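Me: I have a model open and want to go through its metal site and its packing. Can we take it step by step?

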Amino acid sequence: MSYSKILLVVIDGISDRPVNGKTPLSSAKTPVLDSFAEEGVCGIMDPISPGVRAGSDTGHFALLGYPPEKYYPGRGPIEAAGVGIDLKPGDIAFRANFATVEDREGSFFDKVVVDRRAGRFSNTDELADSINEGIDLDVEFIFKRGSGHRGALVLRNNLSDRISGTDPKVEGKPPSRSHPLSDNPSSEDVRTAEIVNTFSEKAHQILKNHPLNLERAMSGELPANAILLRGPGKMPHVEDFKSKFGLSLSIISGTALIKGVGRILGGDVLQVEGATGGKDTDLEAKVKRAMESVKSHDFILLHIKAPDEYGHDGDFDGKKKFIEKVDRALKPLSDLDDCYIAITADHSTPVTVKDHSGDPVPVVIRGEGVRRDDVKAFGEFTCYRGGLCRIRGLDLVPILLDLAGVAKKYGA
Ligand code: ZN
Ligand code: ZN
C-alpha cells in the first residue's frame, strides 16, 4: 500500500518543564497519544534551534518547512492575512486596535488614549466600512476588522516598513506619531510615516463623528473613535506550499495568527463551526474536518491552541485536563490508515515559565514504513529515546515528504 497524504497535528505549547518531576503531559492519561508513540517513530524537536524560544508564528513557519529568518514578515502581515486580506509582495501591514481617545476638539496626536481597546467593543463592521469609504490617501490601502477590537491595515505602492507605529502601548498618553526608524531615512521611510499619520488623523475625524460612536457616548460607553497601529512589516515574496513541495495545503485552526501563516503560505484555511482558538473550542468538529480534508488536500495542518493558554496561565491541572480532552478528541485518527500522521508542538509553554521556552518538544510520526522504536508513551521524558532522536522544526517536512514517497532525489 502506498499513500502520500500527510496530517500534521500541532498541539500548541503542549510540553513543559517538570514540577516535582512531572509535567501536565507526563501526568495526563493519554492512551491515544501513547498508542501513536507505540506504533510510530518518536523523537524530540527544537522548533527553530536549541534554546530558541519560538513564537507560535515563527514556530509554524519552521514546522511547515519555511525558514522563519527568511520568510517571517513580522506580526502585521500575518494578522492582516489572518483577517482575510490578500497580501501582495511589498505590502506594508500593521496590526490595528479600535481605541478610545479623549473626546474634545483638536488633533488626534494631542489627545490622550483613554482605552487602547475601546472597552473591547467588537461590533466594528460599520466603523471599518466608514474608514474604507471615507478616507482618501495618496496610496491604495485596505482596512479590515478582526475579532473583538482588533483589525489590520495594509498600505500598498512601494512603501517602507522601517517606521514606527502609532500605538503608545500604554493608556494616559497621546498616540505616538509614526516616524522613520533609521537615522538616515530614505524618502520612502519619510513618506510612509507621513501616510500613516495622515491615515490615523483622518480615521479619528471620521470615527469620532460616526453615529454609532455618538450613540455609544450618549449611553456612557467608550466610543471606538481611534485606530492605533503597531507591528509594521513588509510582505516578502513567498513561494506557496504547493509549488515548493508539490502538495496542496489546508489549515484547520481557530487562531487568527495561524490562519494568517497558512494564508501567507498559500494554504486553504478551512472554516470549522465552533473552532474558537480557545479553551471552549469544538475539538471533535476540528478533528472531523481534518479527516474530511485528507480527501481534498495532500498536507493538512490541524492546530489546537488551548494547551498554550493554560501554559501562559500557569495552570498545571487545567493544562493536564485539557490535554486529556485533546487525547479523547484525537481518537478517530487512530483508524486513519491511509495517511502519515505527525503529532508535535510549535514550542513548549511551561506552566512554571508562563511563556514560551526554548525547550524541545516531543514529536511522533506514524505511517507505512516508519522505523518503529521502543517508545510507548508520548511525552517529554520518553520521546527522546525514539528513532528520530533530536531534529529541528525545519527537518519535519522533508522527513514526512520522504516517508510519503514524494521527496525529490538529491543527486544521481
Ligand atoms: Zn504556539
Ligand atoms: Zn503562547
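Me: Which geometry class does the site of the zinc ion (ligand 2) fall into, given its four donor atoms?
Reply: This is a predicted model. The angles among the four donor atoms run from 56 to 145°. Four donors count as tetrahedral if all angles lie between 85 and 135 degrees. The site is therefore classed as irregular.

Me: Which residues coordinate the zinc ion (ligand 2)?
Reply: The donors lie at 2.0 to 2.4 Å. Along the chain they follow the spacing D-x3-H-x43-H. The aspartate is listed twice, each time through OD, and the histidines bind through NE2. The residues are Asp308, His312 and His356.

Me: How many residues apart in sequence are the parts that aspartate 308 and histidine 356 tie together?
Reply: Aspartate 308 sits in helix 12 (residues 306-313). Histidine 356 is in the loop between strand 11 (340-344) and strand 12 (361-366). The parts tied together are 48 residues apart.

Me: Is aspartate 308 buried or exposed?
Reply: Buried means under 20% relative accessible area. Aspartate 308 has 2% relative accessibility, so it counts as buried.

Me: How far apart are the zinc ion (ligand 2) and the zinc ion (ligand 1)?
Reply: The model holds both ions. Their separation is 4.6 Å.

Me: Which strand gives the largest share of the largest nonpolar core?
Reply: That core has 88 residues. Leu7, Leu64, Phe299 and Leu330 touch the most other members. The largest share is six residues, and it comes from strand 1 (residues 6-11).

Terms used. Residues are numbered from 1 along each chain as its sequence is written. Chains are lettered from A and ligands numbered from 1 in the order in which they are written. This is a predicted model: local features need pLDDT of at least 70, side-chain atom pairs count only at pLDDT 80 or more; totals for chains, interfaces and linings use all residues. Side-chain values use heavy atoms; hydrogens and water are left out. A nonpolar core is a set of buried Ala, Val, Leu, Ile, Met, Phe, Trp, Tyr and Cys residues joined through side-chain atoms within 4.5 Å. Buried means under 20% relative accessible area, exposed over 50%, partly exposed in between (1.4 Å probe, protein chains only). Helices (H or I, at least four residues) and strands (E, at least two) are DSSP runs, numbered from the N terminus. Donors are N, O and S atoms within 2.8 Å of the metal (3.2 Å for Na, K and Ca); water is not among the atoms, so sites may look incomplete. Four donors count as tetrahedral if all angles lie between 85 and 135 degrees; four count as square planar and six as octahedral if opposite donors are over 155 degrees apart and all others between 65 and 115; anything else is irregular.
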